[in-house]
Amino acid sequence: MIFLKHLFTITGALPFLPYMFFQGYNIRKKTPKLLPPTDMTGTIGKGHPPFRLLTVGESTIAGIGVKTHREGITGYLSAFLSEHLQREVRWEVFAKSGLTSKGILEKLQSEPIQHPPDLIVIGTGANDGFRLKSPLVFREYISQVIIFLQNKFPETPIVFANMPPIRSFPAFPPLVKLFVGKTVDRYGQTLEKLIAAFPGVYFDQKKIRELNWGLEGSSVNDFFSDGVHPSKLAYRLWAERIGDFILEQKLL
């Protein structure tokens, strides 16, 4: 059913594809080239034994939009976990801007993870969505990502973060928001069904746009650094939501 819905979405998008590709080109041309933070590992808090967090994924996990991972999902989530656990959190970022689900798998297969983690958090979906990839393709590579990580770290919980809020991106025109947004919604539905086959894997199904993004009287533009990637404020709110979900699932 999910695949058929995606097929209908692609069929509806076909007449607009040339225009959407042109729009996509303009978005890439106008969007500033932001460099990722370089502090791929770090620590926060005090208390022993240390808790190890591994974050995996695309540009949001790579911290595009902020200067240091302490201002990104990894840093804010580490601070959240450290405060709750009253322990030092040692984090490692295993991510790169532009990675699809296939790219994440290839990176995992080719590059070493420095330390066995106590918790793995994965953020993905946007780059597959930008390419309008089939949910079947997404499911195949995400399945392989899960299998790879569970074979390597069989006792470690894996948490998939919320799907990226494509429809909220200020830089995207309505047609791109519509068709890419629908595609990413299908990935969320796919992931929701997929994790049922993998004990120890969790997915926060709540959509980011349903959260309180009006916090502190901010406008939607305050939540994006360049119209596409999150700002420091958005990263903090997103990380806090992931932390709340981890507590709800009693994973600590």
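**Exercise 1. Exposure and backbone at Q86**

Task: In this predicted model, is Q86 buried or exposed, and where does Q86 lie?

Solution:
- Step 1. Start with the accessible area: Q86 has a relative value of 58%.
- Step 2. The cut-off for exposed is over 50%, so Q86 counts as exposed.
- Step 3. Now place the residue. Q86 sits in the loop between α4 and β3.
- Step 4. Look at the backbone too. The phi of Q86 is near 55°, a positive value in a residue other than glycine. For context, most residues other than glycine have a negative phi.

**Exercise 2. A second residue with positive phi**

Task: What is the phi of K250, and is K250 buried or exposed?

Solution:
- Step 1. K250 is not a glycine, yet its phi is positive, at about 55°.
- Step 2. Along the chain, K250 belongs to the segment after α9.
- Step 3. The relative accessibility of K250 is 70%, so K250 counts as exposed.

**Exercise 3. A peptide bond to look at**

Task: Which two residues are joined by a cis peptide bond?

Solution:
- Step 1. As a reminder, most peptide bonds are trans.
- Step 2. Go to H48 and P49: the bond joining them is cis, with omega about 0°.
- Step 3. To find the spot in the fold, follow the loop between β1 and β2, where P49 lies.

**Exercise 4. Building the sheet**

Task: In what order do the six strands of the open sheet stand, and which strands are at the edges?

Solution:
- Step 1. Take stock of the chain, which has nine helices and six strands.
- Step 2. The strands of the open sheet follow the order β1-β3-β2-β4-β5-β6, and the pairing is mixed.
- Step 3. The edges are β1 (41–44) and β6 (201–203), each of which pairs on one side only.
- Step 4. On average, neighbouring strands of this sheet are turned by 20° against each other, direction ignored.
- Step 5. Check the pairings one by one. β1 and β3 run antiparallel and are joined by four bridges; here I44 has V89 of β3 as its bridge partner.
- Step 6. β2 (residues 51–57) pairs with β3 (residues 89–95) in the parallel sense, over seven bridges. One bridge to find is that of V56 with F94 in β3.
- Step 7. β2 also pairs with β4 (residues 119–123), again in the parallel sense, over five bridges. Here T55 has V121 of β4 as its bridge partner.

**Exercise 5. How covered is β2?**

Task: How many residues of β2 are buried?

Solution:
- Step 1. β2 has seven residues, and six of them are buried, which leaves the strand mostly covered.
- Step 2. For the chain as a whole, buried residues make up 52% of the 252 residues.

**Exercise 6. Helices α5 and α7**

Task: At what angle do α5 and α7 pack, and which residues make the contact?

Solution:
- Step 1. α5 (residues 101–110) packs on the sheet and touches β2, β3 and β4; its direction makes about 115° with that of β3.
- Step 2. α5 and α7 (residues 135–152) pack at an angle of about 25°, and their axes are 8 Å apart.
- Step 3. Angles under 35 degrees count as roughly parallel, and α5 and α7 are therefore roughly parallel to each other. Their crossing is left-handed.
- Step 4. From α5 the contact uses S101, K102, I104, L105, L108 and Q109, and from α7 it uses F138, Y141, I142, Q144, V145, F148 and L149.
- Step 5. Sorted by class, this contact has nine nonpolar, three polar and one charged residues.

**Exercise 7. Helices α4 and α9**

Task: How do the axes of α4 and α9 cross, and which classes of residue form the contact?

Solution:
- Step 1. The axes of α4 (residues 73–85) and α9 (residues 232–248) come within 8 Å and cross at roughly 45°.
- Step 2. That angle makes α4 oblique to α9, and the crossing is right-handed.
- Step 3. In α4, the residues in contact are I73, Y76, L77, F80, L81 and H84. Their partners in α9 include Y235, W238, I242 and L247.
- Step 4. By class, the contact has eleven nonpolar, two polar and four charged residues.

Notes:
Residues are numbered from 1 along each chain as its sequence is written. This is a predicted model: local features need pLDDT of at least 70, side-chain atom pairs count only at pLDDT 80 or more; totals for chains, interfaces and linings use all residues. Side-chain values use heavy atoms; hydrogens and water are left out. Axes are lines fitted to C-alpha atoms, for helices over the stretch in contact, and angles run from 0 to 180 degrees between N-to-C directions. Helices (H or I, at least four residues) and strands (E, at least two) are DSSP runs, numbered from the N terminus. Angles under 35 degrees count as roughly parallel, over 145 as roughly antiparallel, 65 to 115 as roughly perpendicular and the rest as oblique. A crossing is left-handed if the near helix is turned anticlockwise from the far one by less than a right angle, and right-handed if clockwise. Contact means heavy atoms within 4.5 Å. Ala, Val, Leu, Ile, Met, Phe, Trp, Tyr, Cys and Pro count as nonpolar, Asp, Glu, Lys and Arg as charged, and the others, Gly among them, as polar. Buried means under 20% relative accessible area, exposed over 50%, partly exposed in between (1.4 Å probe, protein chains only). Two strands pair if DSSP finds at least two bridges between them.
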